[in-house]
Amino acid sequence: MKATEAQIEIRCTINSEAQTLHAYPMERLLDVLRSQLHLTGTKEGCGEGECGACTVFINGEVVNSCLLPVAQVEGADIKTIEGVANDEQLHAVQQAFIECGGAQCGICTPGMVMAAVNLLDRNPNPTEADIRNGLAGNLCRCTGYMKIFESVVRAKQMR
Ligand code: FES
Ligand code: FES
């Protein structure tokens, strides 16, 4: 980052709340979420767009927040893992991850949950292949993926 680069003001909506951010234009959305807004549910795995741990929704689309300069979210509607539950009620995907043991160390879990929520929003009755494709952008070092897969199947049944 150049020393001369000035911070800018960015207005957006995060988890249904209007926010005004002050950040350097090329700061990563991931860092602004975690350090400025303390939304630390969004994780950093690779930092290179490979693992999906940093997944958020921007205007309903799945985005790797480690790759996105915060200047690009002006006017955007952002949802993070903190916005997935409905008040005190966990999302079906979150509940299913608990019931099926879909989380171990937890680093991949927020991104996996976001990917699964997006999949079920787009396709409420996915096939096994659809589920595998829906999770293909997210890596996990711990689970061997079967319990995550079972969690999404369970969430589909719960909905
Ligand atoms: S931390 Fe963003 S894709 Fe891995
Ligand atoms: S639970 Fe550890 S990386 Fe997935």
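Rings of Phe, Tyr and Trp (its six-membered ring) count as a pair if their centres lie within 6.5 Å. In this predicted model, a search of the whole structure finds zero such aromatic pairs. The points below cover one charge–ring contact and the packing of helix α5 (residues 146-158) against α2 and α3.

**Aromatic rings**
- The ring of F149 has the charged end of R132 over it, at 4.2 Å from the ring centre.

**Helix α2 against helix α5**
- Helix α2 spans residues 92-100, and its axis comes within 8 Å of the axis of α5, with a crossing angle of roughly 130°.
- α2 is therefore oblique to α5, since angles over 145 degrees would count as roughly antiparallel and 65 to 115 as roughly perpendicular.
- The crossing of these two helices, α2 and α5, is right-handed.
- On the α2 side the contact involves A92, V93, Q95, A96, F97, E99 and C100.
- On the α5 side it involves K147, I148, E150, S151, V152, R154, A155 and M158.
- Nine of the residues in the contact of α2 with α5 are nonpolar, two are polar and four are charged.

**Helix α3 against helix α5**
- Helix α3 covers residues 109-122 and packs on α5 at about 40°, with the axes 11 Å apart.
- At that angle α3 and α5 are therefore oblique to each other.
- The crossing of α3 and α5 is right-handed.
- M112, A116, L119 and L120 of α3 meet I148, V152, A155 and K156 of α5.
- The contact of α3 with α5 has seven nonpolar residues, no polar ones and one charged.

Technical notes:
Residues numbered from 1 in each chain as written. Chains lettered and ligands numbered in written order. Predicted model: local features only at pLDDT ≥ 70, side-chain atom pairs only at ≥ 80, totals over all residues. Heavy atoms only, no water. Phe/Tyr/Trp six-rings, centres within 6.5 Å; stacked < 30°, edge-to-face > 60°. Lys NZ or Arg CZ within 6 Å of the ring centre and 35° of its normal. Axes fitted to C-alpha atoms, helices over the stretch in contact; angles between N-to-C directions. Helix = DSSP H or I, 4+ residues; strand = E, 2+ residues; numbered from the N terminus. Parallel < 35°, antiparallel > 145°, perpendicular 65-115°, else oblique. Left-handed = near helix turned anticlockwise from the far one by under 90°. Contact = heavy atoms within 4.5 Å. Nonpolar A, V, L, I, M, F, W, Y, C, P; charged D, E, K, R; others polar.
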